[in-house]
Amino acid sequence: MSKTIRLRKGLNIPLKGEAEKILTNAGRSSTYAIKPPDFHGLVPRMLLQEGEEVKAGAPLFYNKHDERIIITSPVSGQYAGLVRGDKRRVLEVRLKPDAVDDYLDFGSADPKTLSRNKVKEKLLASGLWATIRQRPYSIIADPDDVPKSIFISAFDSAPLAPDLDFIINGHEALAFQTGLDALNRLTEGKVHLSINEPQTMNKTFTHASGVEIHRFSGPHPAGNVGIQIHHIDPVNSGDIVWYTDIQSVVIIGKLFEKGIYDSTKIIALTGSEVLKPRYWRIKQGASIEELMKNNLTTEDNSSLRFISGNVLTGSKISRKSYIGFYDSQVTVIPEGNKPEFMGWLSPKLNKYSASRTLFSYLTPWKKYRIDTNMHGGNRAFVISGQYEKVLPMDILPVQLIKAIMINDIEMMEKLGIYEVAPEDLALCEFVCTSKTEVQSIIKEGLDRLRKELS
Amino acid sequence: MKIIKDIRDKIRPHFDKGARFGRFYRAWEAFDTFLFVPEKTTSQGSHIRDAVDMKRTMVYVIIALIPPLLFGIWNTGYQYYQAVGIDPAMLEAFSFGLIRVLPIIIVSYASGLAIEFLFAVVRDKEVNEGFLVTGMLVVLILPATVPLWMVAVANIFAVIIGKEIFGGTGMNIVNPALLSRAFILFGYPAYLSGEVYTYTRLQEGHQLVDGYSGVTPLSLVAEGKTEALPSDLSMFIGNMPGVIGETSFAAIMLGGLFLAITGVASWRIIISVFAGGIFMSWLFNIIALNEYMMIPIHQHLLLGAFAFGAVYMATDPVTAAQTRQGKYIYGFLIGVLTILIRVVNPGFPGGVMLAILMMNVFAPLIDYYVVEANIRRRMKRLKKANIIANESKP
């Protein structure tokens, strides 16, 4: 067993509303939707006419830049049209589900006996290729690349994140191992599985075979795959590594075991405004409307923020919207759209700060109901050393951000932009006194590099 | 509360862009955000944000400045009464000092505020809170006898030349308060050197005691009169002549402790300035060519504005080194330079100001080397990876 990688830097934000370990099967949503904006850099081209019938696993759209990358239907039913946003950008591809799923058959096979090409073809045909993403850039992996290695994080350290130990058990454990076997065919290097010490107990992870297991301890973002890559096998300029998440590994496993795209996944419904925060078994693209019924502290939607994902990196959705493709968590927190009198002076006993300018550091056991208020105006960089405390990487965050701001591409590369994704610096954004939009800046820098180099 | 909010909601539309007072929107905004943390919510990135903001951070620095300020007010009175040979009651000394120091504070803030608002309105940007700190720092590094017009000049100079021409708080290269002090020191030396540290415009019936000299302990040492130094205890407490905020080591350490615990100032810088000072005084102790070189290490730290500079000036996050390793180097060199300037060039007894200004200029260079080291580590890793890759090729 390899030695534990201990990370000291980081921050666990003590939020209220952790999910209780009770799993419920959600009923079928009245509509499902796949949201193309979930796939960064993908431009959808539709393959269906409105009203057309699709089976689960049948193609919905493909990527304009690479026709091999298709996104398939998570359920069987009828294609129910698009929702477009600004500049006619496709925001949602909606589906009206049948009562029972009818699956497209891709044929079962043992991935160990298949060639790399066969595994690849199966994943591409079933649309599950989209579950595999690459670093740098956090975009869907390019099928022509051979990655240096593949990374999977078996724990999620984000605020209120689901306990992955709890999510994977029973027959999913078998599918998980099959999924790992399939991924093993895709790389000439290793498949790295990172577990948490001491929390990861699930034998599915600790006894997974054909992978290299790494132990991480420490606060968030220790569970982020980007941090793990940095400490295990860092991305140098020109390197490509792939990563995926454990629920996707299970779905891939089921593809090889049963020959179908079974999009079932478990999500944690969390947040201070949820009356009964619990785990739900849903299908990919399900609407959250059902889960919210009689389950919120208030029915006034304007005072609530619905997030698909966690509070640091998730995307804002409406109460009737759908779960994101890569998300296994839905969080509901209060909106902070109310002014606060003399906020800079008051002791703010019920507010949380990672700094010691509030008293929250004296009560580390306390959990907080944090709203979406910015808590201050945007300023130039003044305080130094703040970001470094929450970024467990050998990267100089402020200097990197400044290089991006002045569009100095050479400097960005030198400072290690290939090793980061916006989510890895999400905590920097949280703690920032100057309220700098760190994640959008990182995203902007990565997009610019991708454009420049392609 | 409710009433204030109602009034606010009523006035607000007049300051919107294009409305009657639209051009003063930034001035309104400053008052408004002073009263209320705005209701602005997150729209991208992280949905929740830390409850700390720049206003609160700056206010914490001001809180940390309260102990040396209060002590300085008392000491202003105490020194006067010493000069006329009276042993004053605590309150008597304090109220005497208050009458002298309060106008300086008011003028300082009024001038800083006016300039800051002007820039905010003309440039259409938010009012920076930085002047709240600068305004107080400027007061604390001037003697109580300073003419009020000079306080205004110092402050306006600090805000315009020290900060705004670079783009405001966060963009400046040197510490604005120190820059303004350097400006006054070289522009109007008569007001900042010699026997200016004690109030000598005597009240009726008061007379200077015979042989009274209001020189600071630092000047005493510079003149080679080390034997005339006050006791260690009184230098620690700070009842000796000097600029308003610098004299009390104890009060400054109280503020420093507050800053370090709340994390508003970098303890790395504070500690390393002291380390640098100790190292250099120790070195001089060994060389020991003259009286000045031989004064004990602890007295060096108690003398002059060493502590004040270490705690409040060197730690200005904008002008200090930004990287963790850089902070140690930056602080250490400030300590070294302060003692060096002090001892080797007694023409400038206040070495700490010049040392910090100089290191402010060098801070980006220090950071540059720290950043280069980081880059080199990454290059080395890449090279190693390439070698391994080439070896594994058949």
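**Exercise 1.** Decide whether Arg68(A), at 34% relative accessibility, counts as buried, partly exposed or exposed, and then find the residue with which Arg68(A) forms a salt bridge.

*Solution.* The model is a predicted one, and the first step is to hold the accessibility against the cut-offs, where buried means under 20% and exposed over 50%. At 34%, Arg68(A) counts as partly exposed. The second step turns to the partner, Asp142(A), whose closest approach to Arg68(A), taken between N and O atoms, is 4.0 Å. Asp142(A) belongs to the loop between β11 and β12 of chain A while Arg68(A) belongs to strand β7, so the pair ties together parts that are 74 residues apart in sequence. Asp142(A), with 29% relative accessibility, also counts as partly exposed.

**Exercise 2.** Characterise the salt bridge between Asp101(A) and Lys283(A) by its N to O distance, and state which network of salt bridges holds these residues.

*Solution.* The side chains of Asp101(A) and Lys283(A) meet at 3.2 Å, N to O. Because Asp101(A) lies in the loop between β9 and α1 of chain A and Lys283(A) in strand β17, the pair ties together parts that are 182 residues apart in sequence. Asp101(A) is buried at a relative accessible area of 15%, and Lys283(A) is buried at 13%. The network that links them consists of Arg28(A), Asp101(A), Lys254(A), Lys258(A), Asp262(A) and Lys283(A).

**Exercise 3.** Determine what the salt bridge between Glu429(A) and Arg49(B) joins.

*Solution.* The closest N and O atoms of Glu429(A) and Arg49(B) are 3.8 Å apart. Glu429(A) sits in helix α10 of chain A, and Arg49(B) in the loop between β1 and α3 of chain B, so the pair joins two chains. Both Glu429(A) and Arg49(B) are buried.

**Exercise 4.** Among the aromatic pairs, of which the whole structure holds 28, classify the one formed by Phe166(A) and Tyr279(A) as stacked, tilted or edge-to-face.

*Solution.* The ring centres of Phe166(A) and Tyr279(A) are 4.7 Å apart, and the angle between the planes is 55°. Planes under 30 degrees apart would count as stacked and those over 60 as edge-to-face, and the pair is accordingly tilted. Since Phe166(A) lies in helix α2 of chain A and Tyr279(A) in strand β17, the pair ties together parts that are 113 residues apart in sequence. Phe166(A), at 22% relative accessibility, counts as partly exposed, whereas Tyr279(A) is buried with a relative accessible area of 2%.

Conventions: Residues numbered from 1 in each chain as written. Chains lettered and ligands numbered in written order. Predicted model: local features only at pLDDT ≥ 70, side-chain atom pairs only at ≥ 80, totals over all residues. Heavy atoms only, no water. Helix = DSSP H or I, 4+ residues; strand = E, 2+ residues; numbered from the N terminus. Buried < 20%, exposed > 50% of the residue type's maximum accessible area, 1.4 Å probe, protein only. Phe/Tyr/Trp six-rings, centres within 6.5 Å; stacked < 30°, edge-to-face > 60°.
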